[in-house]
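Here are some notes for a colleague who is coming to this structure for the first time. They take up the overall form, then one helix and its surroundings, then the pockets.

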Amino acid sequence: MAALRVTEIFRSLQGESRSVGWPTVFVRLTGCPLRCVYCDTAYAFSGGERLELAAILEQVAAHGVRHVCVTGGEPLAQPACLELLEGLVAAGYEVSLETSGALDVAQVHPQVVKVLDLKTPGSGEAARNLYANLDHLDAKDQVKFVIADEADYAWAKAKLAEYRLPERCEVLFSPVAGVQNPTELAEKILRDRLDVRFQLQLHKLLWGDQPGV
Ligand code: SF4
C-alpha cells in the first residue's frame, strides 16, 4: 500500500482560496523542491512521519469535517499524493490541492480543486513555473499570485493578459505578509479593474503566523 511522508494533519479554517472560512482538515505533506524567499512553511521541507494511506484517511475521518486540503511543502513532490487525492475523493470529501505550479498536475483527480501558484519574480522561483499546467485548469480551479512589490504586480498583470487567466478559472492576488502593503495592493486592483479576487490569509489574521492553524 502507498505511504507518504506527512508533516502534520490538523483541523482549522481554510485561510485562503475560494473555500476560505470553511472548517477544513489540512494534510501537510513533507518536502518541497522550491525555496521561495517568503516561504512560511519551511518546517515542512524535511522530517515528517511516514504514514500508510489508510492511516492518513483514518486521521482525516476522525476530524469529521467535509473539506480536506492537501498542501505542503509541495504535495506533488511525492508521487503517491495522487493516490491520496483519489482516496479522499472516493471517501466523499470536498478535496483541494495547494501546489506551487512547478510540478505536473495532469494526473490529479478531476474532482480535486487545484489551487495553483504562479510564482512571481519576487519569490525567487519564477523560473520553476510549469505553464503547461494552465491547460489543466477549469472553472472550479484557481491560480494564485503572491505579490511582493510593484514589479510582481506588473508581472502578474501581464500574465493575466498573456494566458487569459480570468477566462480559465478564478484568479487570486495576495500580498506577501509583512512585505507588500495589503491596502496598496487592493487599491491597484481596483484602479486597474482587474478581474481577480484579492485575499488575505484568514488564519494569520485570527491566530498569527504559526504552524498547525
Ligand atoms: S513552494 Fe510553497 S512550500 Fe515550497 S518553498 Fe515555495 S512557499 Fe515554501
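1. A compact globule with 213 residues would have a radius of gyration near 17 Å, and the protein, in this predicted model, has 16 Å, which agrees with that expectation. The C-alpha trace spans about 50 × 35 × 30 Å along its principal axes, and buried residues make up 50% of the 213 residues.

2. The chain is built from 6 helices and 9 strands. When contacts between residues at least 6 apart in sequence are considered, 68% of them join residues that are at least 24 apart.

3. Helix H1, which runs over residues 53-63, has Leu53, Ile56 and Val60 as its buried residues. These cover an arc of only 65° around the axis, which puts them on the same side of H1. The general background is that an α-helix has 3.6 residues a turn, so residues three or four places apart point the same way.

4. What lies over that buried side, and what is found on the face turned away from it? The cover of the buried residues of H1 includes the strands E1 (3-13), E2 (23-29), E3 (49-52) and E4 (67-71), together with helix H2 (81-90), whereas the face turned away from the buried side carries the exposed residues Glu58 and Ala62. Just after H1, Gly64 takes a positive phi of about 65°.

5. The largest pocket has a volume of about 780 Å³, and its lining consists of 42 residues, of which Glu16, Asp40, Thr41, Lys144 and Gln201 lie nearest its centre. The elements that give two or more residues to this lining are E1, E2, E5 (94-99), E6 (113-117), E7 (142-147) and E8 (170-175), all strands, and helix H6 (202-207). Sorted by class, the lining of the largest pocket holds 17 nonpolar, 14 polar and 11 charged residues.

6. The second largest pocket, with a volume of about 270 Å³, is lined by 15 residues, and those nearest its centre are Ser19, His67, Glu94, Val95 and Val113. Two or more residues of this lining come from each of the elements E4 and E5, and E5 provides the largest share, 3 residues. The lining of the second largest pocket divides into 5 nonpolar, 7 polar and 3 charged residues.

7. For a reader tracing these parts together, E1 and E2 belong to the cover of the buried residues of H1 and also give residues to the lining of the largest pocket, while E4, likewise included in that cover, gives residues to the lining of the second largest pocket.

How values were computed. Residues numbered from 1 in each chain as written. Predicted model: local features only at pLDDT ≥ 70, side-chain atom pairs only at ≥ 80, totals over all residues. Heavy atoms only, no water. Buried < 20%, exposed > 50% of the residue type's maximum accessible area, 1.4 Å probe, protein only. Helix = DSSP H or I, 4+ residues; strand = E, 2+ residues; numbered from the N terminus. Arc of directions from axis to C-beta. Contact = heavy atoms within 4.5 Å. 1 Å grid on protein atoms, 1.4 Å probe; cavity = no way out; pocket = protein on both sides within 12 Å on 5 of 7 lines; lining within 4 Å. Points joined across faces, edges and corners; volume = space filled by probe spheres on them. Nonpolar A, V, L, I, M, F, W, Y, C, P; charged D, E, K, R; others polar. Rg over C-alpha atoms; globule rule 2.2 N^0.38 Å.
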